[in-house]
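Take a minute to look over the sequence and the fold before reading on. The notes below walk through a few spots worth finding for yourself.

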Amino acid sequence: MGILDEFRVDGKVAWITGGSYGLGFAYATALAQAGAKIVFNDRKQELVERGIEAYKAEGIDAYGGVCDVTKEDEVQKFVADVKEKLGPIDILINNAGIIKRIPMIDMTVDQWDQVINVDLTGPFICSKAVLPDMIKMGHGKIINACSMMSELGRETVSAYAAAKGGLKMLTKNICSEYGQYNIQCNAIGPGYIATPQTAALREKQPDGSMNPFDRFIRSKTPAQRWGTTDDLKGLALFLASPASDFINGQVIYIDGGILAYIGQDPSQLDESKFAEVKEQDKDIKVKVD
């Protein structure tokens, strides 16, 4: 077997939660190109149907279904349906997530619970659902969608940061409990990625000047650019493939170096050097409460 064969996932059933658009769609297309059978879910039938059409446009025959990752009965039923139609799940990417940008003192407990339930309890429920079959098979890959907020705090994202910090530790604990069964659980921590959801943060000001938040992010990033969904695909495939079989319990950040850098004075950035950011994913614009 050649080294490139170690990155193949031929015939593996890969479930990407919330994979009908955005980063989940990017992860799924990378795995599909390496031979995986793609499974995804979303909370709304409309998004599932639009996701199926987006996959078809890429030449991918994906299996999609409606399933709320915060409801254990729905998750268990979805996993059973997938097993009946395609076989047991070999790869799980816990991608589904939400964020609520609300100052902590203004956030209600219900709003807090909603973020924690989707971003932390959801991965627990989904991982719990697939682990029994992974144990029986003697292999499995679980990839959690962490964030730089697994390491850093920022104003208005208390629930999100708490959930992602918890998800980092859930990643380590799944590794600790189930590594003996040849199950690897790792996490991807994206930095600021250019998608339609973040487009407003990069729009020029009415006077043609740079968006202040865009300037701030570039000043904090040694690469001086936003990431793209293409930047995430290689790591997702690596962590899903046999090439990463001895890597377990790790969070790997794809952030252009933000976490390694104290940053520079935003006013000193030379805008003339910046290439236009291209959105490279098949995202669907969805309002997140």
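## Alanine 14 and its contacts

Start with alanine 14: skipping its neighbours within four places in sequence, it is in contact with Leu31, Ala36, Lys37, Ile38, Val39 and Ile91. Contact here means heavy atoms within 4.5 Å.

A quick word on what you're looking at: this is a predicted model, where local features need pLDDT of at least 70 and side-chain atom pairs count only at pLDDT 80 or more, while totals for chains, interfaces and linings use all residues. Residues are numbered from 1 along each chain as its sequence is written, and side-chain values use heavy atoms, with hydrogens and water left out.

## Two nonpolar cores

Ala14 turns up again in the largest nonpolar core, which has 29 residues; Ala14, Leu31, Ile38, Tyr55, Ile91, Ile93 and Ile188 are the ones touching the most other members. A nonpolar core is a set of buried Ala, Val, Leu, Ile, Met, Phe, Trp, Tyr and Cys residues joined through side-chain atoms within 4.5 Å. Buried means under 20% relative accessible area, with exposed over 50% and partly exposed in between (1.4 Å probe, protein chains only). Helix 7 (230-240) is among the elements that each supply at least two residues of this core, and its six residues are the largest share.

There's also a second, separate core of 27 residues, including Trp15, Val75, Ile183 and Ala187.

## The sheet

How are the strands ordered? Seven of them form an open sheet, 3-2-1-4-5-6-7, with parallel pairing. Strand 3 (63-66) and strand 7 (251-254) sit at the edges with a single partner strand each, so one side of each has no neighbour in the sheet. From one strand to the next, the twist averages 20°. Strands and helices are DSSP runs numbered from the N terminus (strands: E, at least two residues; helices: H or I, at least four), and two strands pair if DSSP finds at least two bridges between them.

Strand 4 (residues 91-94) and strand 5 (residues 140-145) run parallel and are joined by four bridges. Isoleucine 91 has lysine 141 in strand 5 as its bridge partner.

## A buried serine

Is serine 20 buried or exposed? Serine 20 is buried, because its relative accessible area is 0%. You'll find serine 20 in the loop between strand 1 (13-17) and helix 1 (22-33). The side chains of serine 20 and aspartate 42 are joined by a polar contact of 2.5 Å. A polar contact is a pair of N or O atoms within 3.5 Å; within protein, one must be able to donate a hydrogen and the other to accept it, and residues adjacent in sequence count only if both atoms are side-chain atoms.

Methods
Axes fitted to C-alpha atoms, helices over the stretch in contact; angles between N-to-C directions.
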